[in-house]
Structure formats: structure tokens, C-alpha cells
Amino acid sequence: MDFIERLKDSVNTIPNLPIKCILGYLKPTESLVLYPLPGSKVVSQTYDGEKDQELNYEFAMKSKDQEQIQKALWLIQTYLEELSELKSSDGSFDFWKIEIANKPYISNEDEENYYIFILDVQASITTYKERK
């Protein structure tokens, strides 16, 4: 299922996003990342393997520039609030909606004066059994 990749690619189309989003953990230097969170669940399932799911994800940004972090995460939040279409490249999901679970907030400041801000979202999608 390619949902997280399509979400990342979609976010990277946002005009004036100061840094590109990648999948995985925050890097030691400035970075913007997307990764899954615990608590995702299957809401319903059919006999043919089709599943309605609620998936939890987190955008995290690390930078020494708090203003840049806030700008980036608020741009992402605004974009996602309006997102109505997200296409799978392999036919593995249909997108229904994405909701902002938490507005951008400061999470941490590390020993090198990098700030970390977080934005949590929940996506509702239908996934399909892999075709062989």
C-alpha cells in the first residue's frame, strides 16, 4: 500500500514549503519528516479483503528557526484541511478524508538548539487486498 508515499509526495507540492518532506526519522540537522503513529485501526472489513481504515500519522520538523517550522507546519495543515483527492499509484487504496488531530505544537528543544514541532493527522482510507 502506497498511501504514506502519496501523502508525502502531495505535501511536497505545496508552494513555498521551505523544506522537502521525507519519510522516516528526524535527521541530526534540519529536516521535515512524516511517519506512522500508533493507534491506527481497521474500522470495517469485507470478505474480499477490502478494509476501511483510520491511519494516524505525524509530521515533525526540526530546525533552529522556529518561525520557519511554524510556517511549514501551518502550510501543511492548511493544505491538508483542503485535501479532497489523493490517488494511489498502484490501486491499493481509495482516499476519503484527512483530519488534523493536533494543530502544530512545539515538542522539544535539543542540546544543539534545534526546535522540534509536531503536527498529527488521521486519514480515512479504504485499502484493497493485493492482487496476484
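Q: Two strands pair if DSSP finds at least two bridges between them; how many bridges join strand 2 to strand 4?
A: Six bridges join them, and the strands run antiparallel. Six meets the minimum, so strand 2 and strand 4 pair. S31 stands opposite K62 in strand 4. The model is predicted: local features need pLDDT of at least 70, side-chain atom pairs need 80 or more, and totals for chains, interfaces and linings use all residues. Residues are numbered from 1 along each chain as its sequence is written, and side-chain values use heavy atoms, without hydrogens or water.

Q: What makes a stretch of the chain a helix or a strand, and how many of each are there?
A: Both are DSSP runs, numbered from the N terminus: H or I over at least four residues for a helix, E over at least two for a strand. The chain has two helices and six strands. In sequence order the pattern is α-β-β-β-β-α-β-β.

Q: Which other strands pair with strand 4, and in what sense?
A: Strand 6 pairs with strand 4 in the antiparallel sense over 13 bridges. Along that pairing, S63 stands opposite Y115, and E58 stands opposite D120. Strand 3 (residues 41-45) also pairs with strand 4 in the antiparallel sense, over four bridges. There, V42 stands opposite Q53. Strand 3 and strand 4 form a hairpin with five residues between them, and G49 in the turn has a positive phi of about 95°.

Q: What joins strand 5 and strand 6?
A: Twelve bridges join them in the antiparallel sense. E109 stands opposite Y115 in strand 6. These two strands form a hairpin with five residues between them. N113 in the turn has a positive phi of about 65°.

Q: Why is K62 called buried?
A: Buried means under 20% relative accessible area, exposed means over 50%, and partly exposed lies in between (1.4 Å probe, protein chains only). K62 has 9%, so K62 is buried. K62 lies in strand 4 (residues 51-63).

Q: What does the side chain of K62 reach?
A: The side chain reaches the backbone oxygen of K27 at 3.3 Å. A polar contact of 3.5 Å joins the side chains of K62 and D110. The term asks for a pair of N or O atoms within 3.5 Å; within protein, one must be able to donate a hydrogen and the other to accept it, and residues adjacent in sequence count only if both atoms are side-chain atoms.

Q: Which residues are in contact with K62?
A: Contact means heavy atoms within 4.5 Å. Leaving aside neighbours within four places in sequence, the partners of K62 include L26, P28, T29, E30, I69, Y114 and I116.

Q: What makes strand 4 and strand 6 largely enclosed?
A: Ten of the 13 residues of strand 4 are buried, so the rest of the structure largely encloses strand 4. Strand 6 is also largely enclosed, because twelve of its 13 residues are buried.

Q: How does the reach of helix 2 compare with the expected span?
A: Helix 2 (residues 66-82) has 17 residues and reaches 25 Å from its first C-alpha to its last. The expected span is 1.5 Å times one less than the number of residues, here 24 Å, and the reach is close to that. At the start of helix 2, a side-chain oxygen of D65 reaches to within 3.1 Å of the backbone nitrogen of E67.

Q: Where are the buried residues of helix 2 around the axis?
A: The buried residues are I69, A72, L73, I76, Q77 and L80. They cover an arc of only 130°, so they lie on the same side of helix 2. The arc is that of the directions from the helix axis to the C-beta atoms. Their cover includes helix 1 (3-11), strand 2 (31-36), strand 4, strand 5 (93-109) and strand 6 (115-127).

Q: Why is E82 called exposed?
A: E82 has a relative accessible area of 64%, so E82 falls in the exposed class. E82 sits with E67 on the face of helix 2 turned away from its buried side.

Q: Which residues of helix 1 are buried, and on what side?
A: They are F3, I4, L7, K8, S10 and V11. Their arc is only 160°, which puts them on the same side of helix 1. Among the elements they pack against are strand 1 (21-23), strand 4 and helix 2.

Q: How does the radius of gyration of the chain compare with that of a compact globule?
A: The globule rule is 2.2 Å times the number of residues to the power 0.38, with the radius taken over C-alpha atoms. For 132 residues that is near 14 Å; the chain has 16 Å, which agrees.
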